[in-house]
Structure formats: structure tokens, C-alpha cells
Amino acid sequence: MPCLWVMPALQAALLAFFVLDALYMFWYDWSLLPLCVAAGLLGGTVYVQGFGLLSRDAEPGRKELALAAASMVGDLGVAT
């Protein structure tokens with residue numbers, strides 16, 4: 001997918017919206033739930049598409065190393 005950066009940009013826009021909503025409380029009922037689900041789906045899609053792009057574009061001799069390194073870095077990012 002050549003436009004992989006669009007989904008994290010949308011996720012960042014949702015983050016900015018949620019921060020503003022937490023500060024000013026202009027929208028605070030259950031109707032926020034679909035936006036939360038959308039943010040999670042965007043994150044999961046980026047994760048899957050990123051690994052797919054990496055496995056497709058990596059050299060055959062380095063594919064396993066690239067996927068292992070990306071997996072480790074992803075887990076470190078979640079842990080911090």
C-alpha cells in the first residue's frame with residue numbers, strides 16, 4: 001500500500017480530537033465509542049500493512065531479520 005502514512009495521520013488527528021475533548025469536554029457520551037473503534041482499527045491496519053510491506057519489499061536473505069527486528073521494535077514501543 002503506497003499511502004501507508006495516511007492512516008497514522010488520521011490516527012494522530014483522532015488523538016488531537018480526543019485530547020481537545022478531554023480538555024474542554026464538548027462531547028462526552030457513548031457516541032464517542034465509534035471514533036475510539038476507528039482509532040483502534042486504524043492502528044491495527046497500519047500494523048498489518050506495515051509488516052506486509054516489509055515482508056514484500058525485503059530481500060529474501062534478510063526478510064526474517066527484518067520482520068524480527070520490526071516485531072521487537074514494535075513491542076518495545078508498546079512497552080515504553
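Here is a short tour of this predicted model, one selection at a time.

**The whole chain**

Start with everything shown as a cartoon. You should find 3 helices and 0 strands, and if you trace the chain from the N terminus, the order of elements is α-α-α. Now turn the model around. The C-alpha trace spans about 55 × 25 × 15 Å along its principal axes. The radius of gyration is 16 Å, whereas a compact globule of 80 residues would come out near 12 Å.

Switch on the surface next. About 6,100 Å² of the protein is accessible, and carbon and sulfur atoms account for 74% of that area. How much of the protein is buried? Buried residues are 10% of the 80 residues. While you have the whole model in view, think about contacts too: among those with a separation of 6 or more, 45% link residues 24 or more positions apart.

**Leucine 4**

Hide the surface and select Leu4. You'll find this leucine in the segment before H1. Is leucine 4 buried or exposed? Its relative accessible area is 18%, under the 20% cut-off, so leucine 4 counts as buried.

Now add Val46, Gln49, Gly50 and Leu53 to the selection. Leucine 4 is in contact with these four, once you leave aside its neighbours within four places in sequence.

For a look toward the other end of the numbering, pick leucine 76. This residue lies 72 residues along the chain from leucine 4, and the two C-alpha atoms are 21 Å apart.

**The core**

Keep Leu4 selected and add Met7, Leu14, Ala39 and Leu42. Together these 5 residues form the largest nonpolar core. Which elements give two or more residues to this core? They are helix H1 (6-24) and helix H2 (33-57), so colour those two if you want to see where the core comes from.

**Across from H1**

Stay with Ala39 and add alanine 13, which sits in helix H1. The two alanines are 26 residues apart in sequence, and their C-alpha atoms are 9.6 Å apart in space. Alanine 13 is not one of the buried residues: with 47% relative accessibility, it counts as partly exposed.

**The loop between H1 and H2**

Next, select methionine 25, in the loop between H1 and H2. Check its backbone angles: phi is near 45°, a positive value in a residue that isn't glycine. That's worth a pause, as most residues other than glycine have a negative phi. Methionine 25 is also exposed, because its relative accessible area is 55%.

Move one step on to phenylalanine 26, which is found in the loop between H1 and H2 as well. Is it exposed, partly exposed or buried? Phenylalanine 26 has 49% relative accessibility and so counts as partly exposed.

**The nonpolar patch**

For the last stop, bring the surface back and select Leu15, Val19, Leu20, Leu23, Tyr24, Phe26 and Trp27. These residues make a nonpolar surface patch of about 750 Å². You've already met one of them, Phe26, in the loop between H1 and H2.

Methods: Residues are numbered from 1 along each chain as its sequence is written. This is a predicted model: local features need pLDDT of at least 70, side-chain atom pairs count only at pLDDT 80 or more; totals for chains, interfaces and linings use all residues. Side-chain values use heavy atoms; hydrogens and water are left out. A nonpolar core is a set of buried Ala, Val, Leu, Ile, Met, Phe, Trp, Tyr and Cys residues joined through side-chain atoms within 4.5 Å. Buried means under 20% relative accessible area, exposed over 50%, partly exposed in between (1.4 Å probe, protein chains only). Helices (H or I, at least four residues) and strands (E, at least two) are DSSP runs, numbered from the N terminus. Contact means heavy atoms within 4.5 Å. Patches are made of residues with over 30% relative accessible area and no salt bridge: like charges are joined within 9 Å, nonpolar side chains (Val, Leu, Ile, Met, Phe, Trp, Tyr) within 5 Å. Accessible areas come from the Shrake-Rupley method with a 1.4 Å probe; for residues, only the protein chains shown count as cover. A salt bridge is a side-chain nitrogen of Lys or Arg within 4 Å of a carboxyl oxygen of Asp or Glu. The radius of gyration is taken over C-alpha atoms; the globule rule is 2.2 Å times the number of residues to the power 0.38.
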